[in-house]
Amino acid sequence: MSGDAIRIDNLTVRYGRRTAVDGASLSVAPGAVYALLGRNGAGKSSLVRCMLGEQKPQRGTASLLGQDAWTHRTSLMARVGVVSEEADAPPSMRVDAIARFSAWLYPRWNRAAFDERLSRFSVAESARFGDLSKGQKKQVSVALALAHEPELLVLDDPTLGLDVVARKSLFEEVIADLADRGTTVFLTTHDLAGVETIVDRVAMMADGRIVLDEELESLKSRFRRVRFAATRPAAVGNLATAAVRSWGTGTEMIVTNYDPASPLDAAEVSPMSLEEIFIAVTGEEGAAR
Amino acid sequence: MSHVLAIARREIEERAFVFVAAIAIALVSPLAWLTPYGSFADRKEAVVILAFFLAVAFTWGLALILGATLVGRELSEKRLSFYFTRPVSGAAIWFGKLAAAIALLAISFAIVSAFPLMAGQRAFRVMSTIPAPSAVAYVLAAAVLLTLVGHLFSTWIRSRSPILALDFIAMLAILAIVAGTLLPLGMAMALIPAVRIVALLVGAGVAAAIGGGAWQLSRGRIDARRSHRALSMFFWGLIVVAAIVGFAYSRWVLAATPRELAHPRAVQRGSVVHIWGTARGTEAGFTVNPANGVYVADRSWESASRGNVVADFVSSPSLQNAFGIIRNGPSRWVVRVTRLDQEPKTLMSVEVTGDPDAIGVNDDGSRVAATVDHILTVYDTASRHDLASVRVAFSRAALQFVSPNIVRIFAPTGEGLRVTDFDVRTRKLSEVTPPIPIANQYDYVVVGSTLMVRNTSAVEIRNLAAGTVDTIPLQKDDGLWLMRDGRWAIFHRAAPATIEIRRSGTQQRLIRFGRDAQGVRVMAEIGRGKLLVSTYGRQRFDTTTYIVDADSGAMSSPPPRATPALSWPTGIGITDPDVKYRALLRYDTGKIDAIDLQTGAIRPLFR
């Protein structure tokens, strides 16, 4: 086995005739913060379920911390913290009962850390899980996922349905914990602006395939929005474009291989946000891969 | 184990409201106390009975609900990740949930029923023939069974998987195998093996449901369809194995041979022997041709034989006769005609409705007559069609084919033995003789045209062809055997044991047996003039068998611990030239021999 915290090789998941994940491969280095991005139905959740050993893929393998996720799920889960897409704790359970139950299952359980996080989130331990707001449920899930001090944290769309403040709080909590312990973090999210400042590497999925897997820094350095005054710019050179559209009387291009060492005779060259890059890669055109 | 307990505890905590419901139900039964009717004891009894029935209904209802929500609900609501994202195995999740369900059922049942049951043990004994602890165990066992059934159906239905169709097919296939396994056993009245197979299937079902739950969560995890598939494969796989084992066991039981019978019993009817006993752990019966050992399975109700052909009534292969599942309505029987030559061959098998009374077959087996519910019917064996029927007044009778178209009926009635001929062509009955006085309904024997009838003081030997009648006065304890050459052997069935040989009424020889013999009975004639006899001691079954030379009085003994198979009547008999062998029960070996009635040679009936 490699030294990767996560390794997925040629993973395929099918539901009947529909292929949800089509030969996906990726790897996450220990200590990295890795974001898997994709539109709804791109196959992220299926891939995460296979990665957590909850679901067996039709083909390929998923390994965590050097062990096969399907066959070693039970022992691996003692080393992995998971925040699921949907808060799945029983609605009738009180928060302290969930914590007590979890404490029985994990050899390393830091009740003090759990309580401290819960108080930071202002969630009452006596509250029933089903009575909590969506944001509070996520916060409880995060506190539960971190209380056994996992080596790997997997967050499946953790900000889904959260307000801006809750989202910010969640990422700050994750970031703070990462800063403390250097835990590997794998997350899927639609909140690209939220993760842009914390991730080291991103992958993008479309139609079940990994269409992009790259360091965030490198990705952002090669994507540029370039505007030309002319309708038909002459000196495009070797530029690869994800999109070309008219811009006033001129032309706007999304360039995917921008090189700062080769200046362009353009009216405007502007960097792009992760969200803009994501749209360029997986949007309607979806050509910039 | 600690994970199982942790999950069980969590599940119980989540469903603790069940105990509140149980307490509420427990408060219902004491209300019966407040009724203004009956005595103190009556009302106490009413409370106990109500409490027990409420407890049973509540526990079984709860069992179904728990079963339906044990895994299926979380699976369909995609909440099983709560467990699977934690370091617990699928098996631990299942056994934790199952343990919680069992604990919930037991505690709920105790809450609803404990106090009234403890307070009213006597009333419970009035209500139930089984002790309270056993009743509680049965109720809880049934509750666990219902929980498992609820879980199975919940998983199957909630998955909305097309595999459900395969489950349905598997269920039908299993039912077919089980029916094919149990019905033949029921028809053979092999109830103990049937019960064993049912126990095997129930045990396998429980094991399959319990193991299947663990397998389902280990292999299917949070995927409802995979979970369904894993459960179905495990469940049906184990059930199929059990069903195949049960089927093979039933075939093995039913394939028992007469040579395997332990300490068999036997009766001889004409030229065939009916033997029965225990083989392969169950009762088994056979109709055997003692000339060659050829047999057919199934203990017959009534039979008649001519040479190698036997006609008998056997249980109809219908559901009605299997285990007495349907107790109302007439029983169903089959008239069967079989040749017992080199290989057994069924010539005819016709189902009749109603209780069989009498049966007869002609020399070549081409015709059979049977009486069912006072209707005498003559069948053509080859075509299986009935040739003629007639209503008759008798119930028990002997039927004898005088010719293919004439059936002679010997029917003991209150007026005496009536002898009537039925003509198949004209469908008319005609009286052969006026009623002949008879001591009881079994005291007559017919061989060819010779009819021997015993009345209270004499035996009448009537030649129905010639119309001659001989009357021999006979004491109460005496019996009479008409020998091949016309001599009479009058045997004394009480002490002192003697046989008096007479020709035309004149004594030729008096044969005496030892003092220990408390009586003697002639069973058959061997060759010409040698009698196969049994003496019995003070214990009726302490028998000794001899071959006695009627001319010289010399006695030789077959194997000492052997006795001829009985035939009726026991007090009178005629040497039948068609009967070539007589079965001998060996008390020493527990087997059956056949004695050749021509030569006296003895050989094992089954090699």
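Does B:Thr287 count as buried or exposed, and what is the relative accessibility that decides the matter? In this predicted model, B:Thr287 counts as buried because its relative accessibility is 0%, and the term buried applies to values under 20%. The residue belongs to strand S3 of chain B, which covers residues 282–288. The side chain of B:Thr287 makes a polar contact with the side chain of B:His274, at 3.1 Å. When neighbours within four places in sequence are left aside, the residues in contact with B:Thr287 include B:Val272, B:Val273, B:His274, B:Val294, B:Tyr295 and B:Val296. The same list also holds B:Asp298, B:Ser300, B:Val310, B:Asp312 and B:Leu340.

A second buried residue, this time in chain A, leads towards the other chain. A:Leu52 lies in the loop that runs between helix H1 (44–51) and strand S4 (59–64) of chain A. Because its relative accessible area is 3%, A:Leu52 is buried. Apart from neighbours within four places in sequence, A:Leu52 is in contact with A:Ala69, A:Arg73, A:Met77, A:Val80, A:Val82 and A:Val154, and also with B:Thr85 of chain B. One of these partners, A:Val80, is 28 residues away along the chain, while the C-alpha atoms of A:Leu52 and A:Val80 are separated by 8.8 Å.

The contact with B:Thr85 introduces the interface between the two chains. How many residues of each chain are in contact with the other chain? There are 31 such residues in chain A and 25 in chain B. The area buried between chain A and chain B is about 2500 Å², and carbon and sulfur atoms give 57% of that area. The rule finds nine residue pairs in polar contact across this interface, counting pairs with both residues at pLDDT 80 or more. On the side of chain A that touches chain B, helix H2 (73–76) and helix H3 (95–105) each supply at least two residues. The largest share of that side, seven residues, comes from H3 of chain A. Sorted by class, the side of chain A that touches chain B has 18 nonpolar, seven polar and six charged residues.

Charged residues can also be followed as pairs. Side chains of opposite charge can pair when their charged atoms come close. Across the interface of chain A and chain B, the rule finds one salt bridge. The side chains of A:Arg100 and B:Glu13 meet in a salt bridge with an N to O distance of 3.6 Å. Over all chains, a search of the whole structure finds 42 salt bridges.

Several salt bridges join residues of a single chain. In chain A, A:Glu125 forms a salt bridge with A:Arg111, and the closest N and O atoms are 2.9 Å apart. A:Glu125 lies in the loop between helix H4 (111–121) and helix H5 (134–147), whereas A:Arg111 lies in helix H4, so the pair ties together parts that are 14 residues apart in sequence. A:Glu125 is partly exposed because its relative accessible area is 25%; A:Arg111 is partly exposed because its relative accessible area is 29%.

Another salt bridge of chain A joins the side chains of A:Arg227 and A:Glu252, at 2.7 Å from N to O. This pair links distant parts of the chain, with A:Arg227 in strand S11 (residues 224–228) and A:Glu252 in strand S13 (residues 250–255), 25 residues apart. Both A:Arg227 and A:Glu252 are buried.

In chain B, B:Lys97 forms a salt bridge with B:Glu74, and the closest N and O atoms are 2.3 Å apart. The pair links distant parts of the chain, since B:Lys97 is in helix H6 (residues 90–119) and B:Glu74 is in helix H4 (residues 72–76), 23 residues apart. B:Lys97 and B:Glu74 are both buried. Salt bridges that share partners join these two residues with B:Arg10, B:Glu11, B:Glu14 and B:Arg15 into one network.

The domains of chain A remain to be described. The domain assignment gives domain 1 (6–217) and domain 2 (224–271). Their centres, taken over C-alpha atoms, are separated by 38 Å. A:Ser218 is found in helix H8 of chain A, which covers residues 216–222. Because its relative accessibility is 31%, A:Ser218 counts as partly exposed. A:Ser218 and A:Asp200 are 18 residues apart in sequence, and their C-alpha atoms are 10.0 Å apart in space.

Methods: Residues are numbered from 1 along each chain as its sequence is written. Chains are lettered from A and ligands numbered from 1 in the order in which they are written. This is a predicted model: local features need pLDDT of at least 70, side-chain atom pairs count only at pLDDT 80 or more; totals for chains, interfaces and linings use all residues. Side-chain values use heavy atoms; hydrogens and water are left out. Contact means heavy atoms within 4.5 Å. Buried area is the accessible area (1.4 Å probe) that two parts lose on being put together, summed over both. A salt bridge is a side-chain nitrogen of Lys or Arg within 4 Å of a carboxyl oxygen of Asp or Glu. A polar contact is a pair of N or O atoms within 3.5 Å; within protein, one must be able to donate a hydrogen and the other to accept it, and residues adjacent in sequence count only if both atoms are side-chain atoms. Helices (H or I, at least four residues) and strands (E, at least two) are DSSP runs, numbered from the N terminus. Ala, Val, Leu, Ile, Met, Phe, Trp, Tyr, Cys and Pro count as nonpolar, Asp, Glu, Lys and Arg as charged, and the others, Gly among them, as polar. Domain bounds come from an automatic or database domain assignment. Buried means under 20% relative accessible area, exposed over 50%, partly exposed in between (1.4 Å probe, protein chains only).
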